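Please open the structure in your viewer and keep the sequence panel in sight. We will go from the whole chain to single residues, one selection at a time.

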Amino acid sequence: MNLLREIFLSFIRVHILYHASKERIFGLEMIKELAEHGYDVSPGTLYPIFHGMEKAGYLESEREVVSGKVRKYYRITPNGHEILIQMQNKISELSNEILEKS
C-alpha cells in the first residue's frame, strides 16, 4: 500500500468534511477545489469517497435538478461535524509539532 496516497486520501476526506460544513457540495466543485490545493482527483476516486463517507454517516446527500440534470449535493451530518472538530484539533497539534521552527 502506498503510504503517501493513503495520507492524501485522508487529507481529501478532511477537505470534504470542512467544505461540507460550510455549504452543500457536489463532485465537480470539490474536484476543482481540491485541484487548487494540488490534488489531482478523478471522479473515480472522489465519488467512492463521498459514498463511503455517506454510508459511514459523516455526510448526507440530496438530489436536485440543475440545468436539466440531476446533481447530488452533500452536507455534513452531526457525526461528521464531530469528526471534523476532532480532526481540526489533531491537525493543529500535529502541525504545531512538525512545523516547529528551531
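The tour below tells you what to select at each stop and what is there.

**Before you start.** This is a predicted model, where local features need pLDDT of at least 70 and side-chain atom pairs count only at pLDDT 80 or more, while totals for chains, interfaces and linings use all residues. Residues are numbered from 1 along each chain as its sequence is written, and side-chain values use heavy atoms, with hydrogens and water left out.

**Stop 1: the whole chain.** Show the chain as a cartoon and you should find 4 helices and 2 strands, in the order α-α-α-β-β-α along the sequence. Here helices (H or I, at least four residues) and strands (E, at least two) are DSSP runs, numbered from the N terminus. The C-alpha trace spans about 55 × 30 × 25 Å along its principal axes. Of the 102 residues, 27% are buried; buried means under 20% relative accessible area, exposed over 50% and partly exposed in between, with a 1.4 Å probe and protein chains only. Among contacts (heavy atoms within 4.5 Å) with a separation of 6 or more, 46% join residues 24 or more positions apart.

**Stop 2: H2 against H3.** Select residues 27-36 for helix H2 and 43-55 for helix H3; their axes come within 10 Å and cross at roughly 115°. Axes are lines fitted to C-alpha atoms, for helices over the stretch in contact, and angles run from 0 to 180 degrees between N-to-C directions. Now show side chains: H2 brings Gly27, Leu28, Met30, Ile31 and Leu34 to the contact, and H3 brings Pro43, Leu46, Tyr47 and Phe50. By class, these are 8 nonpolar, 1 polar and no charged residues. Ala, Val, Leu, Ile, Met, Phe, Trp, Tyr, Cys and Pro count as nonpolar, Asp, Glu, Lys and Arg as charged, and the others, Gly among them, as polar.

**Stop 3: Ser42.** Next, click on Ser42, in the loop between H2 and H3. Ser42 counts as partly exposed, at 34% relative accessibility. Try a distance label from Ser42 to Ile31: the C-alpha atoms are 7.2 Å apart, with the two positions 11 residues apart in sequence numbering.

**Stop 4: H1 against H3.** Keep H3 on screen and add H1; the two axes come within 11 Å and cross at roughly 60°. Which residues make the contact of H1 with H3? From H1 come Arg5, Leu9, Ile12, Arg13, Ile16 and Leu17, and from H3 come Thr45, Leu46, Ile49, Phe50 and Met53. This contact has 8 nonpolar, 1 polar and 2 charged residues.

**Stop 5: the largest pocket.** Select Ser10, Phe11, Val14, His15, Met87, Lys90, Ile91, Leu94, Ser95, Ile98 and Leu99, which line the largest pocket. Helices H1 (3-22) and H4 (78-98) each supply at least two lining residues, and H4 gives the largest share, with 6. The lining divides into 7 nonpolar, 3 polar and 1 charged.

**Stop 6: Ser67.** Finish at the loop between strand S1 (59-66) and strand S2 (69-76), where Ser67 is found. Is Ser67 buried or exposed? Ser67 is exposed, with a relative accessible area of 75%. Check the backbone too: phi of Ser67 is near 55°, a positive value in a residue other than glycine.

Terms used: On a 1 Å grid over the protein atoms alone, a cavity is a set of points where a 1.4 Å probe fits but cannot get out, and a pocket is an open set with protein on both sides within 12 Å along at least five of seven lines; lining residues have an atom within 4 Å of a point.
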